[in-house]
Amino acid sequence: MAYRLIADSLCVEIERTEKARLTHEVTKVVRGWNGLQNKNTRVMVKVKNLHNTGDRKPKNYTSWKEFWKAKKGYWPNDCSAYDCNGPADVGAHVKKVDSYDNKWYIVPLCSGCNKRTDTFEVSESRLVPVNDND
Ligand SMILES: [Zn+2]
C-alpha cells in the first residue's frame, strides 16, 4: 500500500514537472516564431558596418546598447541581420547602402555580425539614428 502511494505521488510529481517543462518549451517556440514573423514582415534595408567608431561613446549612456534600449524601450533577443539567427549582443554603428541618407544608425547585432564587412539586410524599424549631440 505504501509503495502504491509513493508511486502515485511520484507520477503526480513527474506529470507536474513535465507539464511545466513542456509549457516552457512551447512558450519559447511561440516567442521565436513571433520574432521571426516580425523580422520577415518588416521593411528591410541594406546596411554596412561603420568601422573605426570605437572611440565614439554616447553622451548620456554607458554604451550604444543602452542608448538603443532607452530610445526603443526594449532590447531584442535576435540579431537584426536578416540572414543571421545569433543573439543581439551589441549596439552596432551602421550606415545605409544605396541611399542618399548618410546618417549613422545604431542597430542590435550579434558580435559576429558586428565584424562583418559585407552588405547585409536589417529591418528598418531596428535602426535608431545617431545625431551629433548624442
Ligand atoms: Zn548576427
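The following dialogue reads the features of a predicted model, from its domains to single residues.

Q: Into which domains is the protein divided, and how far apart do their C-alpha centres lie?

A: A domain division is read as residue ranges along the chain. Here domain 1 spans 1–41 and domain 2 spans 44–134. The C-alpha centres of domain 1 and domain 2 are 36 Å apart.

Q: What is the order of the strands in the open sheet?

A: A sheet is read by going from strand to strand through the pairings. In this model the five strands follow the order β4-β1-β2-β3-β5, with antiparallel pairing. The edge strands are β4 (120–123) and β5, each of which pairs on one side only. Direction ignored, neighbouring strands of this sheet are turned by 55° against each other on average.

Q: Over how many bridges do β1 and β4 pair, and which residue in β4 is the bridge partner of K46?

A: The register of two strands is read from their bridge partners. β1 and β4 are joined in the antiparallel sense over four bridges, and K46 has E121 of β4 as its bridge partner.

Q: How many bridges link β1 to β2, and which residue in β2 does N49 stand opposite?

A: Strand β1 (residues 44–49) and strand β2 (residues 90–96) form an antiparallel pair over three bridges. Within β2, the residue opposite N49 is V94.

Q: Which residues of β3 are the bridge partners of V90 and G91?

A: The approach is to follow successive partners along the two strands. β2 pairs with strand β3 (residues 104–109) in the antiparallel sense over five bridges. The partner of V90 is L109, while that of G91 is P108.

Q: Which residue in β5 does I106 stand opposite?

A: The pairing is established before the residues are matched. β3 and β5 are antiparallel and share three bridges. I106 stands opposite V128 in β5.

Q: How many residues of β3 are buried?

A: Burial is read here by counting neighbouring C-beta atoms, with 20 or more others within 10 Å marking a residue as buried. Five of the six residues of β3 are buried, so β3 is largely enclosed by the rest of the structure.

Q: Which residues of α2 are buried, and what covers them?

A: For a helix, one lists the buried residues and then examines their directions around the axis. In α2 the buried residues are W64, F67 and W68. These residues lie on the same side of α2, because they cover an arc of only 95° around the axis. Their cover includes β2, β3 and β5 (128–130).

Q: At what angle does α2 run to β2?

A: The orientation of a helix on a sheet is read from the angle between axes. α2 lies across β2, β3 and β5, and runs at about 80° to β2. Just after α2, G73 adopts a positive phi of about 80°.

Q: Where is the place of R56, and does R56 count as buried or exposed?

A: A loop residue is located by the elements on either side and then assessed by its neighbours. R56 is in the loop between β1 and α2 (64–72). R56 counts as exposed because it has 12 C-beta neighbours inside 10 Å.

Q: How far apart are R56 and H93 in sequence and in space?

A: Separation along the chain and separation in space are read side by side. R56 and H93 are 37 residues apart in sequence and 10.0 Å apart in space, C-alpha to C-alpha.

Key
Residues numbered from 1 in each chain as written. Predicted model: local features only at pLDDT ≥ 70, side-chain atom pairs only at ≥ 80, totals over all residues. Pairing = 2+ DSSP bridges. Domains from an automatic or database assignment. Arc of directions from axis to C-beta. Contact = placed C-beta atoms within 7 Å. Axes fitted to C-alpha atoms, helices over the stretch in contact; angles between N-to-C directions.
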